[in-house]
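Load the model in your viewer and keep the selection tool at hand. The stops below take you from an enclosed space to an open one and then out to the annotated spans.

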Amino acid sequence: MAVGVDDDVFEQLVDTVSRFARERLIPAERRVEEEDAIPEEIIAEMKEMGLFGLSTPEEYGGIGLNVPQEARLIEALCYASLTFRSLIGTNVGIGAQGIVMDGTPAQKDQWLPGIASGDTIASFALTEPDNGSDAGGIRTSARRDGDDFVINGTKRYITNAVRAGVFTVFARTDADKPGADGVSAFIVPADTPGITVAKPDRKLGQRGTKTSDVIFDNVRVPQSAIIGGPENLHKGFRTAMKVLDRGRIHVGAMAVGQSQRMLDIATDYALDRKQFGKPIGEHQLVQGMLADCQADLHAARALVRATADTFNREGKAILEASCTKYFCTEAAGRIADRALQIHGGAGYMAEYDIERLYRDIRLLRIYEGTSQIQQLVIARRTLANRAG
């Protein structure tokens, strides 16, 4: 079981992050929306607070939160726009956890201190133009050439690629092994010759986040770049799945934090807005929508915390993590829809925050495993568990 940080210290950290989200980040949201970028002074503040190193072990300069602590802190941070979380998200989660979980001591010494400080941004290069949900269908190749590997292929929708100092790259090292068996994970510095990062994508929501295509053209890396060393050749898919399991708890916590914000906004509007001579919150059909939001939110929060505890205790939570990612992100979508509906026509107008939050939340049901992929994982695990 991962111990994490002292309870008193952690509670102070949660309070600090919660105040930072409300007092510093929320007032900056409209600027981020208009400029499609997070202000540099906020990036500096997030570094100073240690937010890039939340899950990095203390011996490498991080804070060393365990999974339940990470979930609570991410929930507090995600009361503000999800864009801010995206800046630290790959360093806290998918971009760095492969090194934390499976890296050699030398790999950890080389990369984790910079990742924890935020001086190095880590990106997770798994998704491809033709392979997102089917991660076992990876086409990016890593051909052995002496003691090196030469990587060729294109990765798509790679978060923080334009900021990255290092990529965790998944590539096929054995063309004869089908599916996941021939895939390896490599640590590739972003300045390695042959890497091209395309311009950032334009997206429906979460403006200020940066995703891009990353093209690998005869990118040469030593065999020591394999996460875990050469003995971990062809084990990259296992690393990816472990990283994504923890990441799905993280995404569930994001959904909870943002759901709380949307419910608070809708409740405030229901108290202030009057129709038929009284606040709309006194009308039973509006109350019904608020009640449904509250029930979804309570269930989602309880599920995140229970799954985080399971992961922390057992070192994995495959079924539970998929249930968490699936339920919490779908619940957030329902809450967003009701919150906008409570606003009526005003909710469709950009001057109200709910319009932007409604667009932002939609992505949670897609990345790090779509809702449909989570359904497959849940169903297959359920059948296998029952069959014994």
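Select the lining of the largest cavity: its residues divide into 1 nonpolar, 3 polar and 5 charged (nonpolar being Ala, Val, Leu, Ile, Met, Phe, Trp, Tyr, Cys and Pro; charged Asp, Glu, Lys and Arg; polar the others, Gly among them). The selection string is Glu29, Val32, Glu33, Ser81, Thr83, Gln206, Arg207, Arg356 and Asp360. This is a predicted model, in which local features need pLDDT of at least 70 and side-chain atom pairs count only at pLDDT 80 or more, while totals for chains, interfaces and linings use all residues. Residues are numbered from 1 along each chain as its sequence is written, and side-chain values use heavy atoms, with hydrogens and water left out.

A cavity here is a set of points, on a 1 Å grid over the protein atoms alone, where a 1.4 Å probe fits but cannot get out; a pocket is an open set with protein on both sides within 12 Å along at least five of seven lines, and lining residues have an atom within 4 Å of a point. A volume is the space filled by probe spheres set on the points, which are joined across faces, edges and corners. The count comes to 1 cavity of 30 Å³ or more, and the largest has a volume of about 30 Å³.

Now colour α2 (29-35) and α11, which each supply at least two residues of this cavity's lining. The largest share, 3 residues, comes from α2. Helices (H or I, at least four residues) and strands (E, at least two) are DSSP runs, numbered from the N terminus.

Keep α11 (353-361) selected and add α10 (318-343): each gives at least two residues to the lining of the second largest pocket. Which residues lie nearest the centre of that pocket? They are Leu340, Tyr358, Arg359, Ile361 and Arg362, out of 13 lining residues. By class the lining has 6 nonpolar, 2 polar and 5 charged residues, and the pocket volume is about 200 Å³.

Next, select helix α9 (residues 284-314). Its 31 residues should span 45 Å at 1.5 Å a residue, and its end C-alpha atoms are 45 Å apart, which agrees; the expected span is 1.5 Å times one less than the number of residues. Just after α9, glycine 315 takes a positive phi of about 80°.

Finally, select residues 235-382, where UniProt (unreviewed entry) places "domain: Acyl-CoA dehydrogenase/oxidase C-terminal". UniProt positions are in the numbering used here, feature names are shortened, and annotations may be inferred rather than shown by experiment. The span is 78% helix and 3% strand, with its end C-alpha atoms 25 Å apart.
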